[in-house]
Amino acid sequence: MKIIEGRALRATATAAMLAAFGAPVAAEELFYVSGAVGNAVEDFKKIVKPWEEATGNTVTLVPMPASTTDQFGQYRLWLAAGATDIDLYQTDVIWAPQLADHFVDLTEAAKDLAPTHFPSIIESQTVNGKLVALPIFTDAPALYYRKDLLEKYGKTPPKTWAELAETAKLIQDGERAEGKADLWGFVWQGNAYEGLTCNALEWVKSFGGGQIVEPDGTISINNENAVAALEAAKSWVGTISPDGVLAYQEEEARGVWQTGNAVFMRNWPYAYTLGNGDDSAVKGLFAVTTLPVGKEGDTSAATLGGWNVAVSKYSTKQEAAISLALYLAGPEAQKERAIIASNLPTIISLYDDADIAAAQPIIPQWKDVFLNAVPRPSAPTLGKYNEVSAKFWSAVHNTLSGNGSAAENLELLEVELTDIKGSGW
Ligand code: GLC
């Protein structure tokens, strides 16, 4: 009897879902793959629950490594093999052109939802007129700083990278002299992976050194401003940043920061909620600002990140999968995600939402930062982006490790990129 009642209730809820999403939904078990940083797995369960309850479907999250580079490698293998057991993929903003052929076109299903999102983000997920994935959140990094420590040393948040290095050193020396032996000035992501491409693009761009490959396809990376940017970053390693930073991804940087062992951190907005959690040593002690510039007159650069949901062409449960994709990209799920995980929404109206602003002040504060964020050259380099990025982060990682100078490594990089480009991207 209970079961029957449950079914009847589910049927009513399904009807409501149908009205909301217009897609016929049968009870299915869906598999969703996603990388996971912070509390992403638990958060995901909370976010999908209303959809599961309303449709009677269930969703199993298959967690992937945190590194977007490792995820990409795995996804490419599954997709190339036409794997039918994964229904939905959570995809990085840079992947659309490379994976487009494996995903369902969501243009028609999202015809009412897509216009409520920022057009530039929808455009980034559109390849030759096909809407490859629906945005679930966008990303633009912040410079996290310890308010208490800056105040103690009479410092204001730095405007230039040189100022950041100076303040970081002053506070690091002062605190170590007082017995805080583990304190570092600045933590960031220096591992050889996509995250380093993001960090280094910010240094280069904010030193006036361009965007690696420009929107028109020109390879611009071998220039003196880019050299100056990489040399500046190299000078941090072993002085204000631990040598280990060359192996850090987002979570390692956050680990040092959240135990109270860093003055500054470069990280994405997800670290904001976690840093204010009850288990965080820096709860209430920090604020965020935009990343520094090379010199006065240059503009701050934040790399545009973000995540989307795509439905596999090989899924045998496409109707349910599309319904879930629409739900995850829709206002209810995006609002919940913003409140519990401080992920930046891609739906324009949510930036005026009072509940979000009250729970996560970084979100309204970050609207302009992400609107002005610098895209990685995934659009101009098309299917070759991953190779381009891997060459770039290797050149940067070599420079930071003292393996060749910035000038030498960028000169070589230009040759390698020219070769990858061939007669055209
Ligand atoms: C964040 C960004 C993503 C980027 C990654 C690099 O997850 O949202 O776009 O590729 O960091 O580590």
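## Ligand surroundings and internal cavities

The ligand is surrounded by Thr68, Asp92, Asp139, Tyr193, Glu194, Gly195, Glu250, Trp268, Gly305, Gly306, Trp307 and Arg376. The model described here is predicted.

Three polar contacts of the ligand are set out below, each made by an oxygen atom of the ligand.

| Residue | Protein atom | Distance to a ligand oxygen atom |
|---|---|---|
| Aspartate 139 | side-chain N or O | 2.5 Å |
| Glutamate 250 | side-chain N or O | 2.6 Å |
| Glycine 306 | backbone N or O | 3.0 Å |

The protein buries 93% of the 310 Å² that the ligand exposes when taken alone. Two of the residues in the table, Asp139 and Glu250, approach the ligand through their side chains, while the contact of Gly306 involves a backbone atom.

Attention now turns to the cavities. With the protein atoms alone considered, the structure holds two cavities of 30 Å³ or more. The largest of them has a volume of about 600 Å³. Its lining comprises 37 residues, of which Val37, Phe137, Asp139, Tyr270 and Trp307 are the closest to the centre. Two of these five, Asp139 and Trp307, also belong to the surroundings of the ligand.

The lining of the largest cavity is of mixed character: 16 of its residues are nonpolar, 14 are polar and seven are charged. Among secondary-structure elements, helix α2, which spans residues 40–55, contributes the most to this lining, with four residues. Both domains take part as well, since at least three lining residues come from domain 1 (6–140 + 305–373) and at least three from domain 2 (142–303 + 377–421).

The second largest cavity contains about 40 Å³ of space. Val93, Ile121, Ser124, Pro135, Phe137, Thr138, Leu304, Gly305, Gly306, Trp307 and Asn308 form its lining. Six of these residues are nonpolar and five are polar, and no charged residue is present. At least two lining residues are supplied by each of α5 (119–124), β6 (134–139) and β11 (305–311). Strand β11 gives the most, with four residues.

Several residues recur in these descriptions. Phe137 and Trp307 line the second largest cavity and are also among the residues closest to the centre of the largest one. Gly305, Gly306 and Trp307, which line the second largest cavity, are likewise found around the ligand. Of these, Gly306 provides the backbone atom that lies 3.0 Å from a ligand oxygen atom.

Methods
Residues are numbered from 1 along each chain as its sequence is written. This is a predicted model: local features need pLDDT of at least 70, side-chain atom pairs count only at pLDDT 80 or more; totals for chains, interfaces and linings use all residues. Side-chain values use heavy atoms; hydrogens and water are left out. On a 1 Å grid over the protein atoms alone, a cavity is a set of points where a 1.4 Å probe fits but cannot get out, and a pocket is an open set with protein on both sides within 12 Å along at least five of seven lines; lining residues have an atom within 4 Å of a point. Grid points are joined across faces, edges and corners, and a volume is the space filled by probe spheres set on the points. Ala, Val, Leu, Ile, Met, Phe, Trp, Tyr, Cys and Pro count as nonpolar, Asp, Glu, Lys and Arg as charged, and the others, Gly among them, as polar. Domain bounds come from an automatic or database domain assignment. A residue is near a molecule or strand if one of its heavy atoms lies within 4 Å of it. A polar contact is a pair of N or O atoms within 3.5 Å; within protein, one must be able to donate a hydrogen and the other to accept it, and residues adjacent in sequence count only if both atoms are side-chain atoms. Accessible areas come from the Shrake-Rupley method with a 1.4 Å probe; for residues, only the protein chains shown count as cover.
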